[in-house]
Amino acid sequence: MKKGFQEQFGYSVEEEVISSQCHLAIQIGSDYCGFSICHIERNQLLQLKRYTFNAIEPSLLNAIVESNPILDSPFEKITIQPDFTFSTLLPAELNIGDTTPLVFLESTDQQDHLITEYVRNKEMANLYSVPFFVLNWLVQNFPSAGYIHGHSVMIDHAAADLPNGLLRLDIAERHFSIVAFQNHQVLLASNYTFNTPIDIVFYLLKICEAYHLSQEEVIVEVSGLFSTDAKIYRAIYDYFLNIQLKPTHWDDGITGCPAHYFTLLNEITSCESFQEI
């Protein structure tokens, strides 16, 4: 442990990275922060790092930036994916007036800042919160950045025709994000914490029950920090027939990790941010 955080993954090319030719993508949550630097024209991953900590604080974020001076460089594009507790989807026409009561229902801090995104081609609004001190820090350190939520990213990258349904999961150490689809419709988008792999299966089964999706027919598309011989993957495999690992599509010659580990981080680089802060 160093300076209150731990480097979980750290990869970089040997040659100098010219930031002005690159896209910096950042994921940030209550207990982690990660980033990738990808050459825009070559679609080549040049650097990827992920840090974990017990609780997010500006001092920790400052220390991470100090450990990675390239983050102070001018990038062609910067996109940030906040990953915090509250997120909800609304029909775009209902996103009017004060949405603060929705935050109170989730027991979110009243000081948190609400961001609204209009999800492309879905006529939906994605409302999510970011702790005030985190957003303040991000704006000060990355003033030119755009923002996009993980649910918006997964919706943007889902296949169009899904008659039997799709459960799109991205799994981290202690929580996972899921978006459920059928045909052209988004059924659900949520984040859940878990303690054991069977917790994840429980949520998947309840979603299938609620939306009348068949365990034998629904596609379960998974990415995240797990191996195919891990208990998480085996638990899902025991209950569902159509499991697909969602791979990255950048040119990765540095990590040596399974292609599904950093899919969401990769997909951020191919999404347009469309938020109102």
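## Cores, strands and ring pairs

The largest nonpolar core has 35 residues; Leu-24, Ile-28, Ile-37, Ile-80, Leu-138 and Phe-142 touch the most other members. Strands S2 (22–29), S3 (32–39) and S4 (44–53) each supply at least two residues, as do H1, S5, S8 and helix H3 (132–141). H1 gives the most to this core, with five residues. A second, separate core holds 27 residues, including Phe-181, Ala-189, Cys-257 and Leu-264. The model is predicted.

**Around Ile-37 and Phe-75**

Beyond its neighbours within four places in sequence, Ile-37 is in contact with Val-17, Cys-22, His-23, Leu-24, Gln-44, Leu-45, Leu-46, Gln-47, Ile-70 and Phe-75. Phe-75 itself sits in the loop between helix H1 (58–67) and strand S5 (77–83). Is this loop residue, Phe-75, buried or exposed? Phe-75 is buried: its relative accessible area is 10%, and the cut-off for burial is under 20%. Apart from neighbours within four places in sequence, Phe-75 is in contact with Ser-19, Cys-22, Leu-24, Ile-37 and Ile-70. Cys-33 is 42 residues from Phe-75 along the chain, and their C-alpha atoms are separated by 18 Å.

**Strand S8**

S8 (residues 124–130) is mostly covered, with seven of its seven residues buried. In a regular strand, side chains alternate between the two faces of the sheet. Both faces of S8 are covered. Met-124, Asn-126, Tyr-128 and Val-130 are buried on one side, and Ala-125, Leu-127 and Ser-129 on the other.

S8 has pairing with S6 and with S7. Strand S6 (residues 87–91) runs antiparallel to S8 and is joined to it by five bridges. Pro-91 has Met-124 as its bridge partner in S8. Strand S7 (residues 113–119) also pairs with S8 in the antiparallel sense, over seven bridges. There, His-113 is the bridge partner of Val-130. The S7–S8 hairpin has four residues between the strands, and Asn-121 takes a positive phi near 65°.

Antiparallel pairings, including one in the five-strand sheet below:

| Strand pair | Bridges | One bridge in the pair |
|---|---|---|
| S6 and S8 | five bridges | Pro-91 with Met-124 |
| S7 and S8 | seven bridges | His-113 with Val-130 |
| S10 and S11 | six bridges | Ile-171 with Phe-176 |

**The five-strand sheet**

An open sheet of five strands is ordered S12-S11-S10-S13-S14, with mixed pairing. Strand S12 (185–193) and S14 stand at the edges with a single partner strand each, so one side of each is left without a neighbour in the sheet. Neighbouring strands are turned by 20° against each other on average, direction ignored. Within the sheet, S10 (residues 166–171) and S11 (residues 175–182) pair in the antiparallel sense. Helix H6 (residues 231–239) packs on the sheet and touches S10, S13 (219–224) and S14. The direction of H6 makes about 150° with that of S14.

**Aromatic rings**

How many aromatic pairs does the structure hold? There are 13. One is the edge-to-face pair of Phe-9 and Phe-262, at 5.3 Å centre to centre and 90° between the planes. Phe-9 lies in strand S1 (residues 5–12), and Phe-262 in the loop between strand S14 (242–245) and helix H7 (263–268), so the pair ties together parts 253 residues apart in sequence. Phe-9 counts as buried at 13% relative accessibility. Phe-262 counts as buried at 8%.

Ring pairs also link Phe-176, Tyr-192, Phe-194, Phe-202 and Tyr-203 into a cluster. Elsewhere, Arg-50 lies over the face of Tyr-32, at 4.3 Å from the ring centre.

Note on methods. Residues are numbered from 1 along each chain as its sequence is written. This is a predicted model: local features need pLDDT of at least 70, side-chain atom pairs count only at pLDDT 80 or more; totals for chains, interfaces and linings use all residues. Side-chain values use heavy atoms; hydrogens and water are left out. Buried means under 20% relative accessible area, exposed over 50%, partly exposed in between (1.4 Å probe, protein chains only). Contact means heavy atoms within 4.5 Å. Rings of Phe, Tyr and Trp (its six-membered ring) pair if their centres lie within 6.5 Å; planes under 30 degrees apart count as stacked, over 60 as edge-to-face and the rest as tilted. A charge sits over a ring if NZ of Lys or CZ of Arg is within 6 Å of the ring centre and within 35 degrees of the ring normal. Two strands pair if DSSP finds at least two bridges between them. A nonpolar core is a set of buried Ala, Val, Leu, Ile, Met, Phe, Trp, Tyr and Cys residues joined through side-chain atoms within 4.5 Å. Axes are lines fitted to C-alpha atoms, for helices over the stretch in contact, and angles run from 0 to 180 degrees between N-to-C directions.
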